[in-house]
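Subject: Structure for you to look over

Hello,

Here is the structure I said I would pass on. My notes on it follow below the structure.

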Amino acid sequence: MRSVLFAAVVGLLGAAALHILIVLAVPGFTGNDAYTRIASLGDVQRFYPLPAAPARSGAPFSDDPALRIAVCALSIAERPVRLYAPDTVPFWSLGLFDRASNEVFSMNDRTSVGGALDVVVATPVQLNAIRKALPAELSQSILVEMADQDGYAVLRTFAPTATMEEGARAFLADAGCETIDTGATE
Amino acid sequence: MVPTGRPPAAAPTGTPELSAAAIEMGIDFGAESCKVLAGASGRGSLRPAPAVKSNRKAALFRIPLLVALALAITFGCGTLSAVWALKATIGFGSIALGPWVAFPNAQTDRADPYAKAHRARDGALLFGSAEGLMFRASHDSNGRTLSGRCAYDIVGLTPPARFWTLHATTPEGRPLPLASVLPAGLNSWTVLRGADNNATIHVAASARPGNWLAVAPDQPFRLVLTLLDTPTAGSSGVIDLTMPAIVQTECSDA
């Protein structure tokens with residue numbers, strides 16, 4: 001009887017260890033995380049407006065009826081990426097996340113320069129090169145350093161009424177997520 | 001009845017506890033029949049041998065059984081508890097304001113391992129700290145689970161934010177099955193306010209006058225209140241803020 005109890009205690013200790021192992025290992029193995037879902041939409045470096053209902057199981061969607069969302073999977077392995085959007089809506093916000101869905105940077109129209117979105121995402125090395133010889137067209141841009149080479153950007157805008165729907169859609173369609181040639185990348 | 005070592009041989013097929021009992025019983029039977037036979041024939045000197053044999057066999061099966069028991073508990077409990085934890089909790093570090101719960105750090109690198117595992121399984125697009133803060137409520141202010149069978153009033157002011165939006169989802173966070181003409185969401189621009197700037201929002205499956213948020217009849221639901229561009233997200237003084245109360249007004253009998 002005592003040995004059965006001993007086996008149960010050993011089993012519970014093992015269960016605790018396995019529990020911790022699973023919880024720590026899950027983020028690397030789900031294949032269901034936000035980055036994978038966004039990357040499965042199509043090409044990198046392109047904003048995809050999200051539908052109100054998931055197109056298929058696991059696809060990202062915009063669940064809030066008053067928000068319109070576009071997402072862009074980006075890779076800065078070779079060149080920096082520039083995110084831009086016009087100043088045409090009453091509210092927009094940008095969230096930049098790395099591959100593990102950790103927030104790298106976030107802002108909204110109030111914290112931007114002149115109300116328009118203009119952000120350059122670069123690795124520390126690329127950023128050094130940009131700062132050394134800042135191109136004129138990037139002089140107004142917000143420079144963001146991302147240690148991870150892959151990540152995703154989420155652009156949200158507020159569409160409180162049906163009449164603002166068109167403007168929100170046009171805003172997201174005009175938003176850009178493109179690699180830039182700084183001329184300084186070796 | 002011949003005292004062979006047969007009863008213990010059946011042991012490995014049962015569950016660990018049962019098998020242990022079977023081993024004990026087997027030994028008992030062996031010893032018992034030993035005595036009977038010894039008394040009847042008077043040749044007791046030959047009889048103890050099978051009992052010793054069955055004891056040894058019992059010991060032989062005991063160790064693997066105990067190892068199997070330990071492994072079963074390890075993999076069973078370890079896996080089930082991990083799956084349960086990731087389904088049931090979003091992680092630590094939540095802010096609860098009445099029935100409303102938010103996770104201001106769930107999207108950051110500082111999130112705990114449970115929050116990171118949950119968001120990796122869930123794949124939701126979380127709000128960055130400069131974007132907004134999402135509050136969820138599954139219960140009313142009296143702790144009763146929100147259900148489409150009942151009607152609720154959301155009363156009171158929201159914390160400071162440039163905009164807020166309110167909508168309902170299923171308890172798993174999926175869209176409610178609603179006709180597209182029904183008001184599935186309200187926001188700070190469309191809500192009707194009283195003279196004191198307060199708004200009362202009626203949440204019900206059937207139409208209400210004033211601010212009406214439609215939910216699916218007879219289904220449990222979750223309310224999601226998103227504050228856009230709010231100082232709440234970055235502030236540690238969030239505990240002092242008040243969120244609107246969710247008051248149950250009526251319930252149709254089941």
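In this predicted model, chain A holds an open sheet of 5 strands in the order S1-S2-S8-S4-S5, with antiparallel pairing. At the edges stand strand S1 (48-49) and strand S5 (103-108) of chain A; each has a single partner strand, so one side of each is left without a neighbour in the sheet. For S5(A), the strand beside it in the order is S4. Strand S4 of chain A covers residues 92-98 and runs antiparallel to S5(A), with 5 bridges joining the two. If you want a place to start when checking the register, A:Leu94 stands opposite A:Met107 in S5(A). As background, strands of a sheet pair through backbone hydrogen bonds, either parallel or antiparallel.

Now chain B. Its secondary structure comes to 4 helices and 10 strands. Along the sequence the pattern is α-α-α-β-β-α-β-β-β-β-β-β-β-β. Chain B has 254 residues, of which 33% count as buried. Among its contacts with a separation of 6 or more, 67% are between residues 24 or more positions apart.

Chain B is divided into two domains: domain 1 takes residues 59-88 and domain 2 takes residues 95-251. Taken over C-alpha atoms, the centres of domain 1 and domain 2 of chain B are separated by 40 Å.

There is also a record to set beside this. An unreviewed UniProt entry places the feature "domain: DUF1214" at residues 131-230 of chain B. In the model that span is 0% helix and 38% strand, and its end C-alpha atoms lie 8 Å apart.

Last, the contact between the chains. How many residues does each chain put into the contact? Chain B gives 48 residues and chain A gives 46 residues. On the side of chain B that touches chain A, at least two residues each come from helix H3 (48-88), helix H4 (113-122), strand S5 (163-169), strand S6 (185-187) and strand S9 (222-228) of chain B. H3(B) gives the most to that side, with 14 residues. By residue type, the side of chain B that touches chain A divides into 24 nonpolar, 17 polar and 7 charged residues.

That is what I have for now.

Regards

Methods. Residues are numbered from 1 along each chain as its sequence is written. Chains are lettered from A and ligands numbered from 1 in the order in which they are written. This is a predicted model: local features need pLDDT of at least 70, side-chain atom pairs count only at pLDDT 80 or more; totals for chains, interfaces and linings use all residues. Domain bounds come from an automatic or database domain assignment. UniProt positions are given in the numbering used here, feature names are shortened, and annotations may be inferred rather than shown by experiment. Two residues are in contact if their C-beta atoms, placed from the backbone, lie within 7 Å. Ala, Val, Leu, Ile, Met, Phe, Trp, Tyr, Cys and Pro count as nonpolar, Asp, Glu, Lys and Arg as charged, and the others, Gly among them, as polar. Two strands pair if DSSP finds at least two bridges between them. A residue is buried if 20 or more other C-beta atoms lie within 10 Å of its own, exposed if 12 or fewer, and partly exposed in between; C-beta atoms are placed from the backbone.
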